[in-house]
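Trainee: I've got this one open on my screen and could use a walk-through. Mind if I fire some questions at you?

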Amino acid sequence: MATIVTITEEKALEVKDFEFTYASADAPSIKKLTMPVAKNSITALIGPSGCGKTTLLRSFNRMHDLYSGNQYSGEIIFKGRNILTAKEDLISLRIQIGMIFQKPTAFPMSIFDNVAYGMRLQGIKNKTELQGRVEKALQDAALWNEVKDRLKHDANGLSGGQQQRLCIARAVAVEPEVLLFDEPTSALDPISTAGIEELIVELKNRVSIIIVTHNMQQAARVSDYTGFMYLGELIELGLTEEMFVTPKEKLTEEYITGKFG
Amino acid sequence: MSILIDKLFSYATKFVAIAVLLLVAWIFTILFQNSIDSIEAFGFDFLTETKWAPNLEKFGALPAIYGSVVSTFLAMVLAVPLAIGVAIFLSELAPAKLKSPVGVSIELLAAIPSVIYGMWGLFYFVPIVRDIFGGIGISMLTAGIVLSIMILPFMAAVTRDAMNTTPDILKESAYALGGTKWDVIKDIIIPYAKAGIIGSFILALGRAIGETMAVTFVMGNVHKISFDLTEPATSIPVTLANEFTEADTSLYYSSLFELSLFLLVISFTIISIAKFYFLRRQRAA
């Protein structure tokens, strides 16, 4: 059984006996996983490639439903309900649980339209409201000063780091309660990475954050809680400051000291 | 020794590549040379004259140009929405089990020789058009419909390929913001694949405008400009296919050559626009 630290804060999400099997696979990629996610804090998921951390992350906004044949069981509790049921409204779920991807994914449209996109999907047409919220989101993502004079320009003209901040602005603009980061800095240079990390830490006042990362230093720098996953199971979930110093499980210790991975 | 072989190989390929360019230049020269009589006799009036009267030695290309433009336009108007629909279905909506069989059959349709479309059009489509729209069935409209059916598979297949180049992660980003399938198709996939899609349409346009066999059967080769689409008409390739055997005077012969020169220039222009403007970005990616 996994060693799971007691979380004193309110919980943003609760995973219970969650099991996930990909359409083409014989064995589950995630096995009977139970894990709480604290509200308004940052939970990092670490573990070697193929351990299931991205698979778990993509379960929180039901991304797996885009591809047929994937199977899951167990529960993920969000705002008092199990979001894994068939009657869950995926559109509104994904508005409340946003996601940032491994690579910047600027849409083929202007900077302004990129940030406004999620709001427009919700039917917000009022120009002044859109302008106000786009500006605020860009400020939240620390991008406003760099792009305020060229909001009408194609977003693909921005640098990689700027594009990733644009994606964060776009996700923040719809005011989600949870943000999922899937290795958000793996395609970025060190300076852009530092900028994104700073941003993630600032965001936790307003949203609960789960971040998947390959980079243990990153997990140590930004997160409050760290979960270590191995072969589809959660081995240990602890306070980041404790776990990197005194891991309770032997596997965790071996991983963070670089004995495997 | 091996250096020598490398050199020989490089020269051989260079020669072949240059030979292709020479071939194109040769064709151009021959068309131009043979057109000189007609160019001298009619000048620019050749393109604006509506009479094509071999017995009077009077040749005007406008009816054929009009026929080419209108039949191609009809074909595009009919084929574009269908091609986009088929492509969207194949790239985004079709269940995995359907995707590949339907995709392959569409590619097979694109491989049907155009003469077969022509025969099929004459024997099965002409009566249908006659029954529904009136006239004798051999008409501009029939030509447009047959052309649209002929270019549809190519357009659909290339449009699907262009749509498939949209990275999954980009689509997922839009879904992750609460987008529906339709939102993702219209806001992400189509804008992303736009250049490739337009390029494929222009290539199809080039193919339609030069198409000979499929329309020769169903158009009628009548040199008359009529705004009634159920009337028979002609196009540049249809005229060429029908009349070379009848060209009994050198001016008649030369006029046909000028017509073909004009067609070559149009086709070249269209393909160049498609290749250099729209399909370049896709190639670089």
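Trainee: Let's start with a helix pair: at roughly what angle do the axes of α5 and α6 of chain B cross?

Mentor: Bear in mind that this is a predicted model. Helix α5(B) covers residues 114–133, and helix α6(B) covers residues 140–164. Their axes come within 9 Å, and the crossing angle is roughly 135°.

Trainee: Are α5(B) and α6(B) parallel, antiparallel, perpendicular or oblique to each other?

Mentor: An angle has to be over 145 degrees to count as roughly antiparallel, and 65 to 115 is the roughly perpendicular range. The crossing here is at roughly 135°, and therefore the two helices are oblique.

Trainee: Which residues of α6(B) meet α5(B), and how many residues of that contact are charged?

Mentor: From α5(B) come B:S114, B:Y117, B:G121, B:F125, B:V126, B:V129 and B:F133. They meet B:L141, B:T142, B:I145, B:V146, B:I149 and B:M150 in α6(B). The contact divides into ten nonpolar residues, three polar and, as for charged ones, none.

Trainee: How is α6(B) oriented relative to α8(B)?

Mentor: Helix α8(B), residues 181–210, packs with α6(B) at about 150°, the axes being 9 Å apart. Since anything over 145 degrees counts that way, the pair is roughly antiparallel.

Trainee: Is the crossing of α6(B) and α8(B) left-handed or right-handed, and how many charged residues does the contact have?

Mentor: α6(B) passes α8(B) in a right-handed crossing. The residues in this contact are 13 nonpolar and three polar, and the charged count is one.

Trainee: Which residues does B:I151 touch, leaving out those up to four places away in sequence?

Mentor: B:I151 is among the α6(B) residues that meet α8(B), where the partners include B:A204, B:R207 and B:A208. Those three are also on its own contact list. Put together with the others, B:I151 touches B:A75, B:A79, B:A204, B:R207 and B:A208.

Trainee: Which helix gives the largest share of the largest nonpolar core?

Mentor: That core has 144 residues, and A:A169, B:V146, B:I151 and B:M155 touch the most other members. The largest share is 17 residues, and they come from α6(B).

Trainee: Which element gives the largest share of the side of chain B that touches chain A?

Mentor: The contact takes 15 residues from chain B and 20 residues from chain A. On the chain B side, the elements giving two or more residues are α7 (168–176) and α8. The residues on that side divide into nine nonpolar, four polar and two charged. The largest share, seven residues, belongs to α7(B).

Trainee: Zooming out, what percentage of the residues in chain B is buried?

Mentor: Chain B has twelve helices and two strands, and its C-alpha atoms fill a box of roughly 70 × 70 × 30 Å along the principal axes. Of the contacts in chain B with a separation of 6 or more, 73% are between residues 24 or more positions apart. Out of 285 residues, the buried share is 41%.

Trainee: Over in chain A, is A:W144 buried, partly exposed or exposed?

Mentor: A:W144 is found in helix α5 (residues 144–147) of chain A. Beyond its neighbours within four places in sequence, A:W144 is in contact with A:E135, A:L138 and A:Q139. A residue needs 20 or more C-beta neighbours within 10 Å to be buried, and 12 or fewer to be exposed. A:W144 has 17, so the call is partly exposed.

Terms used:
Residues are numbered from 1 along each chain as its sequence is written. Chains are lettered from A and ligands numbered from 1 in the order in which they are written. This is a predicted model: local features need pLDDT of at least 70, side-chain atom pairs count only at pLDDT 80 or more; totals for chains, interfaces and linings use all residues. A nonpolar core is a set of buried Ala, Val, Leu, Ile, Met, Phe, Trp, Tyr and Cys residues joined through C-beta atoms within 7 Å. Helices (H or I, at least four residues) and strands (E, at least two) are DSSP runs, numbered from the N terminus. Two residues are in contact if their C-beta atoms, placed from the backbone, lie within 7 Å. Axes are lines fitted to C-alpha atoms, for helices over the stretch in contact, and angles run from 0 to 180 degrees between N-to-C directions. Angles under 35 degrees count as roughly parallel, over 145 as roughly antiparallel, 65 to 115 as roughly perpendicular and the rest as oblique. A crossing is left-handed if the near helix is turned anticlockwise from the far one by less than a right angle, and right-handed if clockwise. Ala, Val, Leu, Ile, Met, Phe, Trp, Tyr, Cys and Pro count as nonpolar, Asp, Glu, Lys and Arg as charged, and the others, Gly among them, as polar.
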